[in-house]
Amino acid sequence: MEQVTCNMRVEEYVSYDATGLAALVNAGKVRPHELAQLAREACNRINGQINAVIEVYDDAETVSGADEGVFHGVPFVRKDLGASERGRLQERGSRLYKGYRSETDSYFFQRAQAAGLRTLGRTTTPEFGLAGVTESLLNGITRNPWNLDVSAGGSSGGAAAAVAAGIVPIAHASDGGGSIRIPATFTNLVGFNPSRGRISGGPDRQDSGGGMSRTFVLCRSVRDMAAALDVFSGTFPGDPFVIQQPEGPYLEELNLSTQKLRIGVALSKWGEQDLEPEIVSAVSRSAKLLEEMGHDVEEIAPPFSHADYFETYLGLELLGMSRLAAVAASLEREIGPATLEPVSLEIYRASQLRPLCDAAMTFDLIRKLRMDVAEATSRYDLLLTPVTPRVSMEHELHSQTNSSYSLNSWVEIGVAGSMYTFIFNITGQPSVSLPLFQSDKGMPIGVQVVGRFGDEATLVRLSRDLEEALPWGSRRPPIFAGTPSRIARHEG
């Protein structure tokens with residue numbers, strides 16, 4: 001490939017969202033390989049402080065992507081878990097998988113390539129994506145560019161930190177209980193979790209977590225979110241979930257007005273964890289704004305039993321780890337302290353003692369939770385809730401490397417942190433975390449909006465309305481690739 005000196009600087013590169021960069025490529029103002037060079041430079045500037053990217057491919061400047069598409073030439077990174085690229089490392093945050101290379105090109109990355117995205121490397125994730133913070137014995141601690149002393153969240157914390165800090169404008173992420181939305185609220189990003197079945201997990205992960213785990217992206221703007229929905233939505237042969245297809249492109253929804261909606265607002269805790277006052281304030285202010293926009297807004301009570309929620313979370317943790325012996329055998333490795341982190345090993349050992357009838361009980365609880373939520377919220381077009389009960393999360397608070405956790409105490413922390421998110425993985429509804437506010441200390445605070453099953457369109461329109469009313473695009477964290485003079489004060 002012809003090498004041409006890039007006239008764009010990192011300081012300019014980081015000012016664009018993905019849609020904006022693609023427009024520059026399509027106008028001939030910058031070339032895809034130049035954007036890849038800029039992403040590498042941005043990574044070199046600040047990744048040592050946040051530890052978000054664990055690999056930039058040696059061939060990053062020459063990776064292929066369609067010479068057209070809504071994201072033509074835009075740098076992209078892959079979370080090291082879930083959707084895969086054939087021949088690339090996929091270690092899943094675990095020493096058990098160290099050195100493993102996938103033999104499968106996921107439909108997700110086939111679509112990414114067709115949309116013009118250039119996948120340049122991998123981002124961190126906790127072991128198997130189980131934790132609310134992104135830390136592992138394999139790759140270390142991922143730090144939040146807004147405050148290095150707190151977590152970027154999990155399990156898509158590496159993706160979130162990379163986008164928030166300006167390495168790339170958009171990144172692959174996945175969400176099995178809040179793993180897109182929680183990192184989004186901690187890092188001032190848009191974190192959308194689509195409806196069950198909206199985006200294919202194929203060809204080998206069509207029903208990951210029974211449809212509770214979904215793949216999508218983390219990004220900075222609502223227009224990037226809508227464009228990504230157009231890129232990645234759709235089914236393939238063998239997909240187990242059938243969902244109504246949209247009437248038109250999601251990008252076109254940005255040009256349509258939002259009709260009057262009935263919105264239920266959660267201002268009370270949905271579990272045992274108390275809400276921090278700034279979280280309650282963010283949801284209350286959002287509700288007032290929506291009321292001023294003409295929507296009908298009313299407070300709702302918790303729509304499910306905390307006890308049912310706890311037992312479902314516990315049962316799914318055990319079910320997920322129960323097949324690890326077969327995985328280890330296929331990798332010709334042994335399960336033990338040398339391959340699994342302390343909490344993972346505890347969950348695995350408990351899973352081997354769990355009777356089969358308990359799995360049936362877990363599935364019964366899932367059905368009950370879906371019905372309870374449906375009955376409690378069926379009259380609302382949308383729900384407005386916190387994303388998490390807290391503004392930020394300390395490192396090691398929900399880390400699998402922490403050997404002090406018992407199984408129950410581990411689950412209690414997980415349930416507390418995901419009391420507003422995991423339930424909508426269970427119901428299959430689409431939801432989005434929007435970075436509408438900041439705390440008194442300058443930390444991002446996201447608010448979650450939840451739609452009816454299959455109705456991403458209404459969420460796109462309302463997200464646009466909220467972005468216009470409370471714009472967040474100009475906010476920058478202290479650790480940011482485009483501000484080297486500020487970075488120096490945070491080194492050491």
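Analyst: Two strands pair if DSSP finds at least two bridges between them. Helices (H or I, at least four residues) and strands (E, at least two) are DSSP runs, numbered from the N terminus. Before we start: this is a predicted model, where local features need pLDDT of at least 70, side-chain atom pairs count only at pLDDT 80 or more, and totals for chains, interfaces and linings use all residues. Residues are numbered from 1 along each chain as its sequence is written, and side-chain values use heavy atoms, without hydrogens or water.

User: In which sense do S6 and S7 pair?

Analyst: Strands of a sheet pair through backbone hydrogen bonds, either parallel or antiparallel. Here S6 (residues 143-144) and S7 (residues 147-151) are antiparallel, over 2 bridges. Arg-143 has Ser-151 of S7 as its bridge partner. The hairpin from S6 to S7 runs through 2 residues.

User: What lies in the loop between S7 and H5?

Analyst: Ser-155 sits there, ahead of H5 (157-164). Gly-154 and Ser-155 are joined by a cis peptide bond, with omega about 5°. Another cis peptide bond links Gly-202 to Pro-203, also with omega about 5°. Pro-203 is in the loop between S9 (190-193) and S10 (214-219).

User: What is the strand order in the open sheet of 3 strands?

Analyst: The order is S1-S3-S2, and the pairing is mixed. S1 (53-56) and S2 (75-79) are the edge strands, each pairing on one side only. Neighbouring strands are turned by 40° against each other on average, direction ignored. S1 pairs with S3 (residues 118-123) in the antiparallel sense, over 3 bridges. Val-53 has Thr-123 in S3 as its bridge partner.

User: Which residue in the loop between H3 and S1 should I look at?

Analyst: Look at Asn-51. Its phi is near 55°, a positive value in a residue other than glycine.

User: How many cavities does the search of the whole structure find?

Analyst: A cavity is a set of points on a 1 Å grid, over the protein atoms alone, where a 1.4 Å probe fits but cannot get out; lining residues have an atom within 4 Å of a point. Grid points are joined across faces, edges and corners, and volume is the space filled by probe spheres set on the points. This structure has 3 cavities of 30 Å³ or more. The largest has a volume of about 60 Å³. The second largest holds about 40 Å³.

User: Which element gives the most to the lining of the largest cavity?

Analyst: H3, with 4 residues. H3 (32-50), S1 and S3 each supply at least two lining residues. Among the lining residues are Ala-36, Cys-43, Val-53, Glu-55, Leu-120 and Ile-167. By class, the lining has 9 nonpolar, 1 polar and 2 charged residues. Ala, Val, Leu, Ile, Met, Phe, Trp, Tyr, Cys and Pro count as nonpolar, Asp, Glu, Lys and Arg as charged, and the others, Gly among them, as polar.

User: Which residues line the second largest cavity?

Analyst: Gln-273, Pro-389, Arg-390, Met-393, Leu-397, Ile-413, Ala-416 and Gly-417. That lining divides into 5 nonpolar, 2 polar and 1 charged.

User: At what angle do H10 and H13 cross?

Analyst: Two packed helices are described by the angle between their axes and the distance between the axes. Axes are lines fitted to C-alpha atoms, for helices over the stretch in contact, and angles run from 0 to 180 degrees between N-to-C directions. The axes of H10 (residues 306-321) and H13 (residues 356-377) cross at roughly 135° and come within 9 Å. So H10 is oblique to H13; angles under 35 degrees count as roughly parallel, over 145 as roughly antiparallel, 65 to 115 as roughly perpendicular and the rest as oblique. The crossing is left-handed: the near helix is turned anticlockwise from the far one by less than a right angle.

Definitions and conventions
On a 1 Å grid over the protein atoms alone, a cavity is a set of points where a 1.4 Å probe fits but cannot get out, and a pocket is an open set with protein on both sides within 12 Å along at least five of seven lines; lining residues have an atom within 4 Å of a point.
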